[in-house]
Amino acid sequence: MNHLELIRALPKAELHVHIEGTFEPELMFAIAQRNKVAIPYQSVEEVKQAYNFHNLQSFLDIYYAGANVLIDEQDFYDLAWAYFEKCAEDHVVHSEIFFDPQTHTDRGIAFATVINGLQKACEDAKTKLGITSHLIMCFLRHLSEEAAFETLEQALAYKDQIIAVGLDSSEIGHPPAKFERVFAKAREAGFLVVAHAGEEGPAEYVWEALDLLKVNRIDHGVRSEEDPELMQRLIAEKMPLTVCPLSNLKLCVVENMQQHNIRRLLQQGVHVTVNSDDPSYFGGYMNDNFIAITEALDLSQEELKQLAINSFEASFMSETEKTQWISKIHALA
Ligand code: HPA
Ligand code: ZN
């Protein structure tokens with residue numbers, strides 16, 4: 001088996017994907033038409049040309065605008081279903097999916113509309129594609145603590161359908177400390193917790209996510225490498241980092257893929273995983289991310305397998321399910 005065949009054959013878990021970031025322009029146009037919502041583009045080509053980002057904020061502005069066409073439960077279902085079809089193509093057998101309720105509730109869309117549409121797609125993914133999944137609700141960190149508390153309140157009614165809470169959107173200027181109290185309340189309510197930290201923000205934000213939010217995983221975290229003491233902590237605690245290589249490239253976190261630190265992190269013993277983040281905007285789904293780092297960093301087949309094993313170990317699946325998938329990886333030639 002060559003590297004490409006191995007990437008395709010490996011069962012993989014995705015732990016960092018924003019469902020609003022899987023919105024392909026073709027589907028965006030179809031839903032905009034169905035809902036009679038105007039979008040500022042004439043064609044799919046024009047949309048794709050707008051996807052030229054120079055930092056996180058330049059992406060977020062376009063990402064939130066795209067989400068505006070999502071109105072009905074069926075829209076959220078269609079969005080998630082299209083993503084699950086991509087999972088099936090890439091042999092992603094399990095996905096823990098972020099959604100941003102505030103992006104929708106702030107436009108007058110009911111929380112129930114969002115979660116019911118996503119939940120139905122998750123159920124169909126299990127029965128029709130054999131793909132398991134969990135939903136992770138993210139708070140938008142550019143909004144207030146109070147708004148996050150209100151969102152958590154709404155989520156309590158759907159506790160059984162949401163495994164964890166997370167923190168996303170504009171990182172710099174919105175440190176994890178801003179959400180210490182709301183995360184404490186979420187943990188008390190029984191949610192697991194994750195947070196974006198150390199993508200554009202400094203290593204200090206990763207410390208805060210660990211110490212103040214008490215996260216189970218760090219999303220991105222690639223800037224942790226700037227702080228040797230933090231690296232020791234991550235390694236000692238086997239703290240997973242959900243790394244998103246194509247995202248880091250497109251948002252200019254790295255200049256080119258050869259400079260990406262995922263292989264160095266892996267070699268130093270950090271529990272890194274590969275993820276797609278916002279695949280429709282960043283030019284690729286799971287396997288595209290694996291291929292990009294394999295080509296740029298000359299990853300070995302053992303390293304590719306380790307990354308896939310890490311994805312299951314770092315997931316919120318049961319220990320039994322983790323063991324089953326990991327033994328399939330070991331069984332690959
Ligand atoms: N970072 C922060 N917020 C986000 C991202 C990201 O990479 N993708 C979608 N929302
Ligand atoms: Zn993200």
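1. A cavity is a set of grid points, over the protein atoms alone, where a 1.4 Å probe fits but cannot get out, and a lining residue has an atom within 4 Å of such a point. In this predicted model, the largest cavity is lined by 17 residues. Those nearest its centre are His18, Leu56, Phe59, Leu60 and His196.

2. A search of the whole structure finds one cavity of 30 Å³ or more. The space in the largest cavity amounts to about 100 Å³.

3. Which helix gives the most to the lining of the largest cavity? Helix α4, spanning residues 56-67, does so with five residues. By residue class, the lining of this cavity holds seven nonpolar, five polar and five charged residues.

4. The largest cavity is also where ligand 1 sits. Around ligand 1 stand His18, Leu56, Phe59, Leu60, Tyr63, Asp168, Ser169, His196, Glu199, His220, Asp277 and Asp278. Helix α4 again deserves mention, since the largest share of this shell, four residues, comes from α4. The shell divides evenly by class, into four nonpolar, four polar and four charged residues.

5. Particular polar atoms of the protein may be noted beside ligand 1. A nitrogen atom of the ligand lies 2.8 Å from a polar backbone atom of Ser169. For Glu199, the atom concerned is an N or O of the side chain, placed 2.8 Å from a nitrogen atom of ligand 1. With Asp277 the ligand contributes an oxygen atom, which is 2.8 Å from an N or O atom in the side chain of that residue. On its own, ligand 1 has 260 Å² of accessible area, and the protein covers 100% of that area.

6. The model should also be examined for its open spaces. The largest pocket has a volume of about 150 Å³. Its lining comprises 13 residues, and the closest to the pocket centre are Gln119, Cys122, Ser133, His134 and Leu135.

7. Which elements each supply at least two residues of the lining of the largest pocket? Helix α7 (111-129) and strand β3 (132-140) each do so. The residues lining this pocket comprise five nonpolar, five polar and three charged.

Conventions:
Residues are numbered from 1 along each chain as its sequence is written. Chains are lettered from A and ligands numbered from 1 in the order in which they are written. This is a predicted model: local features need pLDDT of at least 70, side-chain atom pairs count only at pLDDT 80 or more; totals for chains, interfaces and linings use all residues. Side-chain values use heavy atoms; hydrogens and water are left out. On a 1 Å grid over the protein atoms alone, a cavity is a set of points where a 1.4 Å probe fits but cannot get out, and a pocket is an open set with protein on both sides within 12 Å along at least five of seven lines; lining residues have an atom within 4 Å of a point. Grid points are joined across faces, edges and corners, and a volume is the space filled by probe spheres set on the points. Ala, Val, Leu, Ile, Met, Phe, Trp, Tyr, Cys and Pro count as nonpolar, Asp, Glu, Lys and Arg as charged, and the others, Gly among them, as polar. A residue is near a molecule or strand if one of its heavy atoms lies within 4 Å of it. A polar contact is a pair of N or O atoms within 3.5 Å; within protein, one must be able to donate a hydrogen and the other to accept it, and residues adjacent in sequence count only if both atoms are side-chain atoms. Accessible areas come from the Shrake-Rupley method with a 1.4 Å probe; for residues, only the protein chains shown count as cover. A molecule sits in a cavity or pocket if more than half of its atoms lie within 2 Å of its grid points.
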